[in-house]
Amino acid sequence: MICKYYLMIGSEKVDINSQSCIDVSSMIANLKDIKLSYNRIDYGGITRKCGSNIEFVGNARDVLIEHFTINGLNSIASFAVYGIENDWTYKEIFSCPLDFSTFTYDSYRVELGCLDNSVAALIKANKTTKYEYPVEDIKESFKLSYDRVSIRKEVTIQAIGNKQLGGEDTYTEIDKNVWWFYPRIGVISSDTPNNESITFQDSEETFQTDGTPMIWGMPGLNKTDIYFVECLKDCVVSIDFTHIGLNESLRGCVLAKVSGSSVTPLNCGYSNVMSRDENTRPSAVKWSGGLKKGERLQFAIYNYGYGKLDGGVTFKAHQDGYISWNDRQEPLYLDVISPEVLLGKILSSICPGLDVRYKIKMTSADGTDNTRLKQTMLCPAESVRQFPSAKVYTSFDEFCKWMETTFGYVYQIEDLSESDDEFLLSSIYDFTCIYHAEYSKKIGDILFREREPGMYGYFFEVISEANLESSFDYDFVGSENFQSQEWGNDPFGIKVHTDRLYRSTEDKVIYSAINYTEPTYTSGAKYRWYSELKEAVIENVNVSRYVDTVEFGSIINETVTEAGTYNGEVAIENICYCRKSMKFMYLSDGQYYYPFTGSDKYNNGDVVRDDMMFISNDQNYIVLKDCLVKCTVTESDVDDTKYPTVFFKHKNEVFDKSSVLYLTNVSDCVYKLATDRLYSRLTIGYEKQNYDLGNNGKDEFNFKSVYTTGITLDDKELNMVSPYRADSYGVEELSNKIGEETSSTESDTQLFAISCVKTDNEYVILRNNRIDGVSTDSMFNSDLAPIFMIEANKSYLASFAKTLTFVSSEGKSDVSIDGKSVSGNVELSDPLFGHGNISFTTDELVLPEDWNGCVEIPWYGGKKKGFLSTLDINVANNEAYEYELIEMIE
């Protein structure tokens, strides 16, 4: 590779246009030793380093010695390597400050190392450092309304008589004129749990002698003030008097619900009491059900026919009954933190003084929202416990591990400007096409209906093959990415968003939306919305971001057939962009040809180039998501300064199978099985927690699950356990410790991920899935369960397993979420990688901006594709670029 080498004195960055910049291409004694290495870290982005010291001679030596003599330990200088492009211009491939702590010189040379203070190097050095931040500094402006989890609570109760009967048993005499006997019942638990749902009354024993002397005088007919439990709010209560100490031969035992003046027996009916049958024995007093606020429970024994209880009632000591109930305490308001805000705070600690940008892409490669990630906030444990000066404790490594295990996201470090396509692409949403009469319906397609009489311009989803007029739904899953429904407002109706773009996957056209209003005769509103789509125009695109601008003739919207290669002379007016083929072709004699003479200026392989600007009839175009889009251009009005940007994306987008770079001149090709990414076992989920909630917490499913992969080459485990928690019972346990004067525990330094959505003035817990197999519908975070963590990493896991066979779970395993078992086997498909790595040598260079795509090389009569893993460049060797690829499976 033909390179130029530059030295900049007094600056940490090289500016080749500065008079202080020196071309030192002839002033380096050890050019053959200078080696640049690029490496992909943890299947994410690329980092680079210069692996040798640089020996400067001649004038470069002299100016460095002079600078050090004057500035000493404050000396600053930088070094850069520029490589030649196909158009004979030079482009930066490496730059860094020089490390004066390695400063050495003699009569011939100055030797200096490279100081890698890049964002990547700083992250590597500090990624496991645990930082703490006051929650007050980074919290969201709105709080989370935490409406609690129902906790099953239990107390022990006992019935006792008014006389001692030898030993510890007690006894109560019953007169013959007593119709109903209400024993004394009290709570004997030494530690009665705090609760908001029920209250207990240690009732005195009562004898009912008034009322109608017949069976219809049921308990509480005129004794509704006698009870042992009252509900303070709606809840589910369970009563078990099976072993309360009454003789099993006793009959007439009735548990009744008192609701106002109405009394309802619960363990039996009226006829059971009248006949004093088996349903009224003590062991039959067992019931579970819902009670409303203000309703009470009472227990009575019927003395049917006077004197049936002759001799009284004996209560055996140390035999107890139980009352349990679901208690759901009053809501709390908790501070929460956006993942993106936390990421920014961590990076500011790692890279002090550097202008480092950051972004988490909330959309997937097809433009749809990643709703799991978008609807997740972080809540520090100290915030749950309501510490007055709550803090969050975490590291960059923990944050990355959570993003990868839970959402399948990894980070890249890119130099981006605020106007870069990466930012723009995150606001493009895919739909099928604008509806037209020839459209062939397919279930699941998202169409846009243009305005016509009775229709007002909106997106809808096809939901059946039946008549389109009655088989669509404008309130489809993800419709909020396209439009809002404003019923009850003025204007009212469906309003398509105008702050984003829409890409037709069928027509390969990108649109923007315009909203209008028109009068309506609907009662309660004067106007309604209607929307139109128009071909988008991207404003103020900086032309300097593109390699060159080339002209073409026209755009072809219809499907065309390639007629082969065209080797003749070309006329600009006959160069056509064929939308549905996503590339330029040449039109001659009614036929479309590709490739054609000079087509490499327009296309990269089989797709249009996205690093070029195109112009036709004075209209400029750029490429976004393989679509040719109109634009206006500028050279100075837009701040196109590039900043190092830590960009989190899904793995499937970091490894882009659709973008292919072709290398042809390769040698020393070697294939090797990549045993480092073959695993026999997968552990995924969250660390097991032990709760101080009695028998509660047994329903928790957000713990670790273990699967086997079928790999038998090595006993190796892939650990995908999140360092952040997602157990709903864990949040509830900590909220029960508010106000406790205890020292901070390890759990107080942990972070909880919480699925929630933002309303007008608060965040609310998200419970959008049906959870079967648990005792309460108040559990949450089902979207973050291990089965959905697998789903988020499915293509990556498919790289070494076709089936994940469930082995065990540390949480509850007999649970299903929306019908999907958390303990089922998981079938995997569409692997991201193959099983091997491919290494080779070539004289063709791939620069880091091309590394998201795949590389295709000839392979012993066939071809192989892979994603770049490492690249070693010996800058003085024009032919020795050493590559290693991660094998790709098509």
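Visitor: What makes a residue part of the lining of the largest cavity?
Guide: A cavity is a set of points, on a 1 Å grid over the protein atoms alone, where a 1.4 Å probe fits but cannot get out, and lining residues have an atom within 4 Å of a point. Phe701, Ser705, Ala785, Pro786, Ile787, Ser809, Lys812, Ser813 and Val822 line the largest cavity. Its volume, the space filled by probe spheres set on grid points joined across faces, edges and corners, is about 50 Å³. The whole structure holds three cavities of 30 Å³ or more.

This is a predicted model, in which local features need pLDDT of at least 70 and side-chain atom pairs count only at pLDDT 80 or more, while totals for chains, interfaces and linings use all residues. Residues are numbered from 1 along each chain as its sequence is written, and side-chain values use heavy atoms, with hydrogens and water left out.

Visitor: How many residues of each class are in that lining?
Guide: Five are nonpolar, three polar and one charged. Ala, Val, Leu, Ile, Met, Phe, Trp, Tyr, Cys and Pro count as nonpolar, Asp, Glu, Lys and Arg as charged, and the others, Gly among them, as polar.

Visitor: Why is Cys669 not counted in a disulfide?
Guide: A disulfide is a pair of cysteine sulfur atoms within 2.5 Å. The search of the whole structure finds zero disulfides. For Cys669, the nearest cysteine sulfur belongs to Cys854 and is 16 Å away, so the pair fails the cut-off. For Cys756, the nearest is that of Cys379, at 9.2 Å, which also fails.

Visitor: Why is Cys756 called buried?
Guide: Buried means under 20% relative accessible area, exposed over 50%, and partly exposed in between (1.4 Å probe, protein chains only). Cys756 has 3% relative accessibility, so Cys756 counts as buried. Cys669, at 18%, counts as buried too.

Visitor: How do you know that the length of helix 5 agrees with what is expected?
Guide: Helices (H or I, at least four residues) and strands (E, at least two) are DSSP runs, numbered from the N terminus. The expected span is 1.5 Å times one less than the number of residues. For the twelve residues of helix 5 (residues 339-350) that gives 16 Å; the end C-alpha atoms are 17 Å apart, which agrees.

Visitor: What makes strand 66 and strand 67 a pair?
Guide: Two strands pair if DSSP finds at least two bridges between them. Strand 66 (residues 854-859) and strand 67 have six, in the antiparallel sense, so they pair. Strand 67 also pairs with strand 68 (residues 881-887) over seven bridges.

Note on methods
1 Å grid on protein atoms, 1.4 Å probe; cavity = no way out; pocket = protein on both sides within 12 Å on 5 of 7 lines; lining within 4 Å.
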